[in-house]
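Before reading on, please take a moment to look over the chain from one end to the other. The notes afterwards are arranged by topic, and each can be checked against the picture.

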Amino acid sequence: MKLFRTYNRFVRLREQVRLSRSAIDVTTKRRSSLIPELCDVIEGVMDHEKVVLQAVVDLRTQRSDLASKEILSLSESYPNIKSSTNFLNLQKELGRTEEKIAMARSFLNDSILAMDNLRATLFGMVFSPLFANEQRPNL
């Protein structure tokens with residue numbers, strides 16, 4: 001009976017290690033797709049700010065009374081462009097993704113620790129060469 005329980009624990013722990021490795025892979029792929037999107041949004045925001053600042057500078061070089069009227073009319077006529085909102089949302093998503101990677105790595109470390117603890121027991125030392133062929137990952 002002890003042999004069957006030990007075998008089942010090895011199988012369960014091996015599957016936990018595989019699952020946690022898979023979770024890390026999926027989350028790192030998500031991170032690698034978010035980073036280029038974040039860079040694109042940053043470039044868009046920078047281009048927008050450059051255009052706006054250039055327009056303000058051009059207006060200031062004109063007569064000051066005319067410039068102030070045009071700046072006021074621009075701010076009243078056009079709605080706020082919320083390009084930085086996309087940046088903040090992507091930044092939050094990237095932060096959440098990093099947290100998921102950390103949790104998945106923690107789960108992997110816990111699974112490996114449990115496997116190592118089982119291998120260190122008397123029964124584990126005897127039967128681990130038969131049941132536990134899962135190698136320790138390099139993180």
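What follows is a short briefing on the helices, the salt bridges, one buried residue and two surface patches.

The model shown here is predicted. The protein has 4 helices and 0 strands, and its pattern, read along the sequence, is α-α-α-α. Of the 139 residues in the protein, 22% are buried.

**Salt bridges between helices**

- The structure holds 6 salt bridges, and one of them joins the side chains of Arg30 and Glu93, with a distance of 2.2 Å from N to O.
- Because Arg30 lies in helix α1 and Glu93 in helix α3 (residues 83–120), this pair ties together parts of the chain that are 63 residues apart in sequence.
- Arg30 is partly exposed, its relative accessible area being 32%, and Glu93 is also counted as partly exposed, with a relative accessibility of 23%.
- Another salt bridge is the one in which the side chains of Glu98 and Arg31 meet, at 3.1 Å from N to O.
- This second pair likewise links distant parts of the chain, since Glu98 belongs to helix α3 and Arg31 to helix α1, with their positions 67 residues apart in the sequence.
- Glu98 counts as partly exposed because its relative accessibility is 34%, and Arg31 counts as partly exposed because its value is 25%.

**A salt-bridge network within helix α1**

- Arg14, Glu15 and Arg18 are joined into one network by salt bridges that share partners.
- Within this group, Glu15 forms a salt bridge with Arg18, and the closest N and O atoms of the two are 3.3 Å apart.
- Why are Glu15 and Arg18 separated by about one helical turn? The reason is that the two residues are 3 residues apart in helix α1.
- Glu15 has a relative accessibility of 37% and therefore counts as partly exposed, while Arg18, at 40%, counts as partly exposed as well.

**A buried serine in helix α1**

- Is Ser20, which lies in helix α1, buried or exposed? Ser20 counts as buried, because its relative accessibility is 1%, and the cut-off for buried is under 20%.
- The side chain of Ser20 reaches the backbone oxygen of Val17, at a distance of 2.9 Å.

**A negative patch on the surface**

- Which residues form the negative surface patch? The patch is made up of Glu37, Asp40, Glu43 and Asp47.
- Glu37, one of these residues, has its place in helix α1, which covers residues 2–61.
- Glu37 counts as partly exposed, because its relative accessibility is 41% and the partly exposed class lies between the 20% and 50% cut-offs.

**A nonpolar patch on the surface**

- A nonpolar patch on the surface is formed by Leu122, Met125 and Val126, which together have about 330 Å² of accessible area.
- Leu122 is found in helix α4, which covers residues 122–131.
- With a relative accessible area of 65%, Leu122 is exposed, because exposed means over 50%.

Conventions: Residues numbered from 1 in each chain as written. Predicted model: local features only at pLDDT ≥ 70, side-chain atom pairs only at ≥ 80, totals over all residues. Heavy atoms only, no water. Patch = residues over 30% accessible without salt bridge, like charges linked within 9 Å, V, L, I, M, F, W, Y side chains within 5 Å. Areas by Shrake-Rupley, 256 points an atom, 1.4 Å probe, with all protein chains shown as cover. Salt bridge = Lys/Arg side-chain N within 4 Å of Asp/Glu carboxyl O. Lys, Arg positive; Asp, Glu negative; His and termini not counted. Charge placed at Lys NZ, Arg CZ, Asp CG, Glu CD. Buried < 20%, exposed > 50% of the residue type's maximum accessible area, 1.4 Å probe, protein only. Polar contact = N/O pair within 3.5 Å; in protein donor to acceptor, adjacent residues only side chain to side chain.
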